[in-house]
Each structure stands twice: as structure tokens, then as C-alpha cells.
Amino acid sequence: MDTADVLTWRDGHIEALDQTVLPHDIRVLRIITVDELVDAITRLAIRGAPVLGVAGALGVVLAMDQAGRDGWDGARLETEIERIAGARPTAVNLRREVRTVAARARDGRDAATTAAHAVLDATVAASLDISRRGADYLTRACGPGPLRVHTHCNTGALACLGWGTALGVIHALHDDGVLAEVIVDETRPLLQGARLTCWELDQLGIAHRLACDGAAPFLIASGRSDAVVVGADRIAANGDVANKVGTYSLALAAREAGIPFVVAAPESTLDEDTPSGADIRIEERPDEEVTVPAAPAGTRALNLAFDITPAALISAVVTEDRVIPLGAARS
Ligand code: MRU
């Protein structure tokens, strides 16, 4: 899947694949206003920490253009840029990359555009280095394989551009000929695993099977996986990781089973300003995502979009630059 298919800047607007209708429908969004961008981000048409960073970066240029069209003053432009940065709270990349480009916006539109494209290019490049480094780490930790790898949510090109992060590691293992199979969690309630990861693995020709989230810890405990690889939305200074809800239970199961639990993420997801997982704001999403269609009308939900995995349960964080061994390090 080409990066430009997922998210790009074209003829003065953002063009993005609507991930809410995948895999059964292909719909391309043509985003021209801040309202449209914030809507696409909040309803997860555009999603995944690194891609949110790129959308935020391009969003600053989009806001500058709208300011010109609609006659916004500087204060209004700042307010609209802040709306993009605050569209979703947990993934650090969104606000970080908005800030990166907003800082250059003072030097004019061209400077902001150059900065936004630099964010996009760096995001693609990072995914390739993470994929390679993660595959090498797992081959060292698990032996020559063939490996059975368990993953959660979607961490491929749709979430990260390029090869993705955790899914990029899986892609590299496959290309090395040391991957037997991938077990993919459906990832309720929005099913990023079932809809998006299975679709990407199909396109890559990588063998996989889908599992209910509830089955995952037992599948790991019963020895059906050699390693767990996931992404991250924010990594605190102490190594605690925020990722899609359901990740924590996989880490507990991996520790019990004595298999590596690896987090693949770009350096831009490391947040030195957040001391620990307890300081990470977890997004709570609408009840209906959980209750509809199964629950009786009026049922309330507790719909946390992410959870926190403590550093003690993580073998390593693999970035484009390094392997950071953490509490559960084996090698
Ligand atoms: O709510 P989403 O779909 O944006 O959540 C995405 C995840 O949790 C991913 O695992 C994370 O963003 C990493 S993507 C490399």
C-alpha cells in the first residue's frame, strides 16, 4: 500500500483513505477545512499515532489556507490549530507534530509546508528502520523460527505509513522467511485488527488468523505464540506504554508464558515530559461504540480507547534508532 493512498497533500487539500469503511469499501476523503479534519480524526477515519502526527502537521497548512480564504485573524488561526492538536488526547504524535509545524508557520506558508512534508517523510523512513530492527531483535530473542507472532489493533501502513511499526516488524520477519503465522486480535469495539490488519496482511500475502480479544491471553498461555508485537500511542519517560485497550492483558499473558512482549514505535512517540503511565490521559469514547447493536437501549458503557502497560511487563521498545530494553528484557 502506497503512502499516498493512506494520507497525502494534493492540490491544496488533505486526501485520506476513510478507515471507517475499510475493508469492504474504499472511500477517499477530500479534506479542505479544519472542521472536516477534526471530524475525520475524532471518528477514526484517520487514525494510528504516527498518521495522526502527519495529519496534524498537514493540518496546520490546511488551517493557514483556510485562514486566508475565510479572513481569520492570528488569534482565530491559533484557536483552530489548537482544535486539531486536541482532537484526540492520548497519541502524543498529534499535538507534537502540530507544534512542530506551527512553530514554522511564523516563517510563512512555504516554511510550514516544508516542515509538514518533513514530518511525513520522517514517518515513512522510521517505519522501515523500526521494521528491520524489530525483526532482528525477535530473531535474536526467539531463535530462527518459524515464528508465530501475536498482534493487536492495526499498526501497518494505515496507522503509520510506510511499512508500519509492529506490522512492519511482522512484514520483515515474513520477508526473512522466518514467520509461520500471525494471530490478530479483532480489537473491539472498532475492530481495527479484524478490519484493517487482516486487510493489510491479505495484501502482503502473510498467513494469519483472527482471534476474539477475550481468547488472546489463553492463546498465549497455551503456547500458540512465540512473541507479542504491538504499537504505542504514548511512551512515558519511565517506559510505561499507552496503546489500544486490550494490550495490557496481552503483556500479562506474555510474561506468564515467558515470551517476548515487544513495543514497536517511532522516537516521536516517546514522551519525556510524561513521567509515567499514570500521567497519560486515556481517551474515553462514546458508549454506542460498545453498546450498539447488542446491548439493550440506554445501556451505559465504560469505553476506554487505550490502556497502560507498565514497563515491567515489556521486553523492549524498538524504535528507528535503538532497542530500549525494559523490565521483562530476555536478551
Ligand atoms: O484508536 P486508534 O485506532 O487510533 O488506536 C491505534 C493504536 O492503538 C495503535 O496501536 C497505535 O496508534 C500505534 S500505531 C503504530
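Start by selecting G48 in this predicted model: a polar backbone atom of G48 sits 3.0 Å from an oxygen atom of the ligand. Before moving on, look at how the ligand is covered: on its own it exposes 410 Å², and the protein buries 99% of that.

Next, click one residue back to R47. An N or O atom in the R47 side chain is 2.6 Å from a ligand oxygen. Then jump to K244, where a polar side-chain atom lies 2.7 Å from an oxygen of the ligand.

Now widen the selection to everything within 4 Å of the ligand. You should pick up 18 residues, with R47, R88, D233, N243 and K244 the closest. Color that shell by class and you get 8 nonpolar, 6 polar and 4 charged residues.

Which helices and strand each supply at least two residues of the shell? Select helix 3 (49-70), helix 7 (157-160) and strand 9 (241-244) to see them.

If your viewer draws cavities, switch them on with the ligand hidden. The space that the ligand takes up is the largest cavity.

Last stop, away from the ligand contacts: select helix 6, residues 109-142. Run a distance from its first C-alpha to its last and you'll get 49 Å over 34 residues, close to the 50 Å expected at 1.5 Å a residue. Step off the end of helix 6 and you land on G143, which has a positive phi, near 90°.

Note on methods: Residues numbered from 1 in each chain as written. Predicted model: local features only at pLDDT ≥ 70, side-chain atom pairs only at ≥ 80, totals over all residues. Heavy atoms only, no water. Polar contact = N/O pair within 3.5 Å; in protein donor to acceptor, adjacent residues only side chain to side chain. Areas by Shrake-Rupley, 256 points an atom, 1.4 Å probe, with all protein chains shown as cover. 1 Å grid on protein atoms, 1.4 Å probe; cavity = no way out; pocket = protein on both sides within 12 Å on 5 of 7 lines; lining within 4 Å. Sits in = over half its atoms within 2 Å of the grid points. Helix = DSSP H or I, 4+ residues; strand = E, 2+ residues; numbered from the N terminus. Nonpolar A, V, L, I, M, F, W, Y, C, P; charged D, E, K, R; others polar. Expected span 1.5 Å × (residues − 1).
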